[in-house]
Amino acid sequence: MSDVLRLGGGAFAVTVSARALGLSPTTAKVPEKIVVGQVPFNTVVSLYRSAEVDYFKEEGLSIEYTMAVGGPALVQALAAGSIPAADIGVAPALIAASRKLPLISPALAGIGTPKQPFTRIMVREDSPIRSVADLKGKRLAVHQRGAMEDLTLPALKASRGIGIEDLDIALVPAPNQPQALAEKQVDAIFVNPPIDAVAERKFKARTLINVADYVPYIGYNTFTFRRDFVETYPEAAKGLMKGWIRTCRWINDNQAKAHAVMGGTLGIDEELRPHVRLPYFARNGLAVLPNVWNIYYMLVANKVLDGVDDPAKLIEQSVIEPVRQIGLPALDAVGRQTDPEVAAMLRAHYPFLPKPVEAYHTDWERALLQT
């Protein structure tokens, strides 16, 4: 997911009662209703529910979904206690944790991979631009500075020699990018699904390079919880994680149906839905720590986030401990599965990591690689 949050420089302390969160003061294991935040990107797991398949409902959870335009709005809602959980980007979740917000993020779902590339740079069908080197001095549209595609440009510089300083960056809303490209207002667009499918199918744009060609693996989104919700309702939090994992597996195993469900939820034209790129979804649903660290260093390198004094402690408290608390118990309950793509992800090259990838593995990741 591409949205990145900028909060004020100091710690943002929030005190919120259980009642304000919609939590019952009783000892019930599961609340009567759980409000879950979403953003309109097809990396979001909870978009793929339908009358036919709703694993969250099967876990005995009554969920009301609320859609926001981007991750920052959901982080604010989480911080204020308006919602107890949200399906947001790894980057906003990390920034929120760095600001000491009471949030934890044990999950991972949508991943761009070499086999299932996600974001891409596109040019007109008749464009003279044939290689990344040809982009030098050209006008490139991005929908927002600090978005995930924008944040990968230093890695493009390192691998292909063209980066932010070599480009004329134009801020163009994502839905307007295909038209702007066709009308030669820009020379290229850096675009996410489903807008890339619009550019390709309706405007005959062609792919210049996939992000996976220079950052092989990016895990885009996580499931973020308020700490007090997890402490008050551990069984509900575990149920949400179980539903998350089961939905991830269903998406991978039912691509045609997943396209239809996602397309309907996001209002994508029916004829376009089969052509929208879907990311790969982690079959065991747990955060991949090299990915978390890579995105942390990516944010710091791009000056979106000031480096924290102890990033290891930050990631331990906001990601690793929550995986142990609710992620691994949920996975044990639904059963672990072999996941060759995540195994490859754990061995992959991450351009922003200062140490070898193995230095960032957790014990459960090392165990996965030994099986």
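Here is a chat about helix α10, its neighbour α9 and some salt bridges in this predicted model.

Colleague: Let's start with α10. How far apart are the end C-alpha atoms of helix α10?

Modeller: The helix covers residues 255–266, which makes twelve residues. At 1.5 Å a residue, the expected span is 16 Å. The model agrees with that, since the end C-alpha atoms of α10 are apart by 16 Å.

Colleague: And which residue follows α10?

Modeller: Look just past the end of the helix for a positive phi, near 70°. The residue with that phi is Gly 267.

Colleague: Which helix is included in what covers the buried residues of α10?

Modeller: The buried residues in α10 are Ala 258, His 259, Val 261, Met 262 and Gly 263. Their cover includes the helix spanning 234–253, namely α9.

Colleague: How is α9 oriented relative to α10: roughly parallel or roughly perpendicular?

Modeller: The two helices pack with their axes 5 Å apart, at an angle of about 110°. Angles from 65 to 115 degrees fall in one class, so α9 and α10 are roughly perpendicular.

Colleague: Which kinds of residues make up the contact of α9 with α10, and how many of each?

Modeller: On the α9 side you'll find Trp 250, Ile 251, Asn 252 and Asp 253. They meet Gln 255, Lys 257, Ala 258 and Val 261 of α10. Sorted by kind, the contact has two charged, two polar and four nonpolar residues.

Colleague: On to salt bridges. How many does a search of the whole structure find?

Modeller: One example is a network linking Glu 58, Glu 59, Lys 242 and Arg 246. Across the whole structure, the search gives 17.

Colleague: Which residue forms a salt bridge with Asp 269?

Modeller: Asp 269 sits in the loop between α10 and β13, and its partner is in helix α7, so the pair ties together parts 67 residues apart in sequence. Asp 269 is partly exposed at 36% relative accessibility, and the partner is partly exposed at 45%. The closest N and O atoms are 2.9 Å apart, and the partner is Lys 202.

Colleague: Asp 253 turned up in the α9 contact. Is its salt-bridge partner, Arg 283, buried or exposed?

Modeller: Asp 253 and Arg 283 bring their closest N and O atoms to 2.9 Å. Asp 253 is partly exposed, with a relative accessible area of 49%. Arg 283 has a relative accessible area of 12%. Buried means under 20%, so Arg 283 is buried.

How values were computed. Residues are numbered from 1 along each chain as its sequence is written. This is a predicted model: local features need pLDDT of at least 70, side-chain atom pairs count only at pLDDT 80 or more; totals for chains, interfaces and linings use all residues. Side-chain values use heavy atoms; hydrogens and water are left out. Helices (H or I, at least four residues) and strands (E, at least two) are DSSP runs, numbered from the N terminus. The expected span of a helix is 1.5 Å times one less than its number of residues. Buried means under 20% relative accessible area, exposed over 50%, partly exposed in between (1.4 Å probe, protein chains only). Contact means heavy atoms within 4.5 Å. Axes are lines fitted to C-alpha atoms, for helices over the stretch in contact, and angles run from 0 to 180 degrees between N-to-C directions. Angles under 35 degrees count as roughly parallel, over 145 as roughly antiparallel, 65 to 115 as roughly perpendicular and the rest as oblique. Ala, Val, Leu, Ile, Met, Phe, Trp, Tyr, Cys and Pro count as nonpolar, Asp, Glu, Lys and Arg as charged, and the others, Gly among them, as polar. A salt bridge is a side-chain nitrogen of Lys or Arg within 4 Å of a carboxyl oxygen of Asp or Glu.
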